[in-house]
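Open the model in your viewer and keep the selection tool at hand. We will move from stop to stop, with something to select at each one.

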Amino acid sequence: MNPELGIREDVERVLIDEKVIEKRLDVMAEQIANDFPPGPILAVVLLKGALVFAADLLRRIPRPLEIECLNVASYHGGTESSGQVKFLDQHLPDVRGRHVLLLDDILDTGRTLRAVSDRLKEMGCAVVHTGVLLAKDKVRSAEVEADYVGFQIGDEFVVGYGLDFMGRYRNLPFVGVLKS
Ligand code: XMP
């Protein structure tokens, strides 16, 4: 019995398969490793969406690196952005003077990346570079683009490889579109 069958059955089509993601992450990791100035990198991972992407990307970066996670919410379980970014952690990491690599799963309206980058800068980090697995091809509500983008995709709701619908499908090894 295929234990993944239950969730795969809900997928209408695979947009980016596992092997393609792996190859792209190799390239992104090399770029990041070459771009960051000497000294330890502080990766700030936005939970929960960027968890899978970050785990696979960061293991490919052969540099001294620390990892912090931030819990932010913008979707509240559905398929539409709420328009507000909430910081859910009581304590935020100490980023003063650090070179930060901020990782999120997907750049959609841009509000999340904008709000978190601004907050990290307010908290005194030296530099914030941003990386996303996916960027939707659309006009953004917030002025922001990511420094490192895995794939440009159309403006449709996707799941898998960390991205969810109602908390599910994060464990799909590919990025796909659900049946309506
Ligand atoms: P914004 O609009 O702030 O969105 O750029 C970023 C956050 O919204 C979530 N998001 C998605 N989640 N499929 C998902 O599972 C999608 O197609 C999608 N688009 C946006 C995601 O949490 C991201 O961090």
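The tour starts at the ligand, moves into the cores, and ends at some backbone oddities.

**Before you start**

This is a predicted model: local features need pLDDT of at least 70, side-chain atom pairs count only at pLDDT 80 or more, and totals for chains, interfaces and linings use all residues. Residues are numbered from 1 along each chain as its sequence is written, and side-chain values use heavy atoms, with hydrogens and water left out.

**Stop 1: the ligand**

Select the ligand and the residues with a heavy atom within 4 Å of it. You should find 18 residues around the ligand, and the closest are Thr109, Gly110, Thr112, Val158 and Asp164.

Now look at the oxygen atoms of the ligand. A polar side-chain atom of Thr109 sits 2.4 Å from one ligand oxygen atom. For Thr112, a polar side-chain atom is 2.5 Å from an oxygen atom of the ligand. Asp164 uses its backbone instead: a polar atom there is 2.8 Å from a ligand oxygen atom.

How much of the ligand does the protein cover? On its own the ligand has 500 Å² of accessible area, and the protein covers 94% of that. Accessible areas come from the Shrake-Rupley method with a 1.4 Å probe; for residues, only the protein chains shown count as cover.

Next, color by secondary structure. Helices (H or I, at least four residues) and strands (E, at least two) are DSSP runs, numbered from the N terminus. Strand S5 (99–107) and helix H4 (111–122) are the elements that give two or more residues to the ligand shell. S5 provides the largest share, four residues.

Color the shell by residue class as well. It divides into six nonpolar, five polar and seven charged residues. Here Ala, Val, Leu, Ile, Met, Phe, Trp, Tyr, Cys and Pro count as nonpolar, Asp, Glu, Lys and Arg as charged, and the others, Gly among them, as polar.

**Stop 2: Val158**

Stay with one of the closest ligand neighbors, Val158. Val158 lies in the loop between S7 and S8. Is Val158 buried or exposed? Val158 is buried, because its relative accessible area is 3% (buried means under 20%, exposed over 50%, partly exposed in between, with a 1.4 Å probe and protein chains only).

Show the contacts of Val158, meaning heavy atoms within 4.5 Å. Leaving out residues up to four places away in sequence, Val158 touches Leu15, Ile106, Leu134, Ile153, Leu163, Val175, Gly176 and Val177.

**Stop 3: Asp108**

Select Asp108, in the loop between S5 and H4. Asp108 counts as buried because its relative accessibility is 10%. Two lysines are worth showing here. The side chain of Asp108 makes a polar contact of 3.4 Å with the side chain of Lys136. A second polar contact, 2.6 Å, joins the side chains of Asp108 and Lys138. A polar contact is a pair of N or O atoms within 3.5 Å; within protein, one must be able to donate a hydrogen and the other to accept it, and residues adjacent in sequence count only if both atoms are side-chain atoms.

**Stop 4: the nonpolar cores**

In soluble globular proteins, nonpolar side chains tend to be buried together. A nonpolar core is a set of buried Ala, Val, Leu, Ile, Met, Phe, Trp, Tyr and Cys residues joined through side-chain atoms within 4.5 Å.

Select Leu57, Ile61, Leu101, Leu133 and Leu134. They have the most contacts inside the largest core, which has 31 residues. Elements that each supply at least two residues of this core include helix H2 (18–35), strand S2 (41–47) and strand S6 (127–136). H2 gives the most, with six residues.

Zoom in on Leu133. Beyond four places in sequence, its contacts include Ile21, Leu25, Phe53, Tyr161 and Val175. A second, separate core has 19 residues, among them Leu46, Ala135, Val144 and Ala146.

**Stop 5: backbone oddities**

Most residues other than glycine have a negative phi, and most peptide bonds are trans. Select Leu47 and Lys48: a cis peptide bond joins them, with omega about 0°. Lys48 lies in the loop between S2 and H3.

Then select Tyr161, which is not a glycine but has a positive phi of about 50°. Finish at Tyr169, also not a glycine, with a positive phi of about 80°. Tyr161 is in the loop between S7 and S8, and so is Tyr169. Tyr161 counts as buried at 6% relative accessibility; Tyr169 counts as buried at 6% too.
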